[in-house]
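Reader: Hey, can you walk me through this one? I'd like to start with how two of the helices sit together.

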Amino acid sequence: MDQIIVRGNGPLKGQIPISGAKNTCLKLMTASLLTDEPLTLTNVPRLVDIETLSQVLESLGVEVARLAAGRVMVLSGRQLTSRRADYDLVRKLRASFNVLGPLLAREHEAIVSLPGGCAIGARKVDLHIQALEAMGAEIELEAGYVHAVAPGGLKGARIDFPFVSVGATENAMAAAVLAKGETIITNAAQEPDTVALADCLVAMGAKIEGIGTRELRIEGVDRLHGTTHEVIPDRIELGTFMIAPAVCGGEVELIGGRRDLAEAFCEKLEAAGVTITETETGLKVARGNAGIDAVDVTTAPFPGFPTDLQAQFMALMCTAKGTSRLEETIFENRFMHAPELIRMGAEIDVQGGVATVTGVEKLKGAPVMATDLRASVSLILAGLAAEGETVVSRVYHLDRGYERIEEKLGAVGADIRRTREHG
Ligand code: EPZ
């Protein structure tokens with residue numbers, strides 16, 4: 001297994017290109033199940049999660065071709081050959097569960113493994129199932145699989161989600177585009193990933209109104225056609241790399257970065273004393289010698305502060321002036337990075353969904369363990385600000401969502417390298 005070794009070595013300077021968004025690309029890929037024509041995606045990130053979903057789609061009969069060194073993906077679901085997504089693949093990637101809606105809408109039957117929980121929480125799928133049942137699907141749970149049938153096809157319905165779920169909104173929307181009649185989804189997710197999926201579906205011939213709002217109105221159509229769609233820049237990768245110069249000083253331009261994808265996050269970073277400037281090619285982030293102020297954060301669905309940037313923001317707050325309160329409202333167990341940061345000398349007290357972080361003068365390098373994707377990267381950011389060497393093990397989590405992280409950070413002057421773990 002690989003590990004990453006980081007040494008704090010002062011300010012960063014230069015440019016980092018932002019890749020296409022993982023969570024957008026994953027959802028766009030599932031749209032290939034809705035048409036017998038090719039769906040071409042550009043600006044595709046090269047990540048393990050993208051590979052895993054490709055395998056899921058291939059197992060259903062979608063042909064996946066990669067061009068331009070993997071940056072372009074052509075998905076052709078001309079004829080699906082299976083309606084079953086196996087546990088072996090779905091357990092590796094929760095987003096695989098989002099094949100359920102499209103598969104059911106097109107084939108009138110889908111058998112998809114339950115994804116199970118994961119390190120950050122139980123992560124139920126009840127809302128996904130209730131939405132499809134509202135559209136007339138008959139669903140049974142059999143030996144860890146969801147078996148859904150809709151003999152005469154899905155029917156439009158009113159779906160009132162009790163709270164915002166990104167995945168359930170996307171699964172329901174991708175099913176409703178081929179249902180008979182109108183579907184109204186309230187409390188819909190407004191995440192840029194969900195908006196991108198809706199935009200792509202519209203380009204494929206779907207009729208969706210209210211895109212980007214809390215209420216979606218979808219008029220089902222008989223068939224969708226192929227299209228070409230560009231994956232938007234990854235706002236979580238962007239936020240992560242914006243924190244790098246914030247923790248260790250310097251000035252870094254994030255090429256392709258867009259403020260509108262991360263406004264709430266940018267405001268918190270500015271409140272902490274970081275300067276953000278929009279440039280012609282992206283966003284420039286600078287931190288002078290004044291240091292970082294403590295800032296409170298509460299995670300919320302978009303347009304709120306993203307849960308996927310909470311761990312990275314905590315790494316920044318570890319050396320801020322004063323005490324900050326970080327509240328996690330989306331997942332019940334998303335502070336696993338806290339004990340690891342404490343190993344590096346951070347002062348953090350976690351009580352339920354609230355972490356209180358009191359800034360210390362300096363963090364100290366230590367061997368630490370990555371527990372999930374965003375927790376892993378927060379340890380790397382903390383390592384950039386620490387004295388001495390930080391060894392982050394179990395970095396396979398990182399490769400699921402960050403493309404060539406050591407190269408990108410190395411190019412702006414960070415002392416970071418990947419080695420093989422012994423033993
Ligand atoms: C998406 O997960 C993202 N994943 C997550 O990113 C992200 O953290 C999350 O949205 C929130 O922004 C992908 O897009 C692939 P949810 P998703 O359904 O769709 C509960 C990363 O690091 N819930 O909005 O699974 C759920 O348990 C990942 O890239 C139910 O109770 O998130 C959670 O507490 C991690 N029942 C809350 O809702 C359901 O049926 C929000 O989850 C569905 C969800």
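Author: Sure. Helix 6 (residues 166–176) and helix 7 (residues 192–203) have axes that come within 10 Å and cross at roughly 10°, so these two helices are roughly parallel to each other. Angles under 35 degrees count as roughly parallel, with axes fitted to C-alpha atoms over the stretch in contact and angles running from 0 to 180 degrees between N-to-C directions. Helices are DSSP runs (H or I, at least four residues) and strands are too (E, at least two), numbered from the N terminus.

Reader: Which residues make the contact?

Author: On helix 6 they are Val166, Thr169, Glu170, Met173 and Ala174, and on helix 7 Asp193, Thr194, Leu197, Ala198 and Leu201. Contact means heavy atoms within 4.5 Å.

Reader: Is this an experimental structure or a predicted one?

Author: It's a predicted model, where local features need pLDDT of at least 70 and side-chain atom pairs count only at pLDDT 80 or more, while totals for chains, interfaces and linings use all residues. Residues are numbered from 1 along each chain as its sequence is written, and side-chain values use heavy atoms, with hydrogens and water left out.

Reader: Cool, new topic. How many residues surround the ligand?

Author: 23 residues do, and the closest are Asp126, Leu127, Ser165, Asp308 and Ile330. A residue is near a molecule if one of its heavy atoms lies within 4 Å of it.

Reader: What about Ser165 and the ligand?

Author: An N or O atom in the Ser165 side chain is 2.6 Å from a ligand oxygen. For Val166, a polar backbone atom is 2.7 Å from an oxygen of the ligand, and a backbone N or O atom of Gly167 also lies 2.7 Å from a ligand oxygen. The protein covers 88% of the 840 Å² of accessible area that the ligand has on its own (Shrake-Rupley method, 1.4 Å probe).

Reader: Any odd backbone spots?

Author: Most residues other than glycine have a negative phi, and most peptide bonds are trans. Asn187 has a positive phi of about 60° although it isn't a glycine. The peptide bond from Phe302 to Pro303 is cis, with omega near 10°.

Reader: Where is Pro303?

Author: Pro303 is in the loop between strand 18 (297–298) and helix 10 (310–317).

Reader: Last one: how far apart are Asp2 and Val395?

Author: They are 393 residues apart in sequence and 6.2 Å apart in space, C-alpha to C-alpha. Asp2 belongs to strand 1 (residues 2–7).

Conventions
Parallel < 35°, antiparallel > 145°, perpendicular 65-115°, else oblique. Polar contact = N/O pair within 3.5 Å; in protein donor to acceptor, adjacent residues only side chain to side chain.
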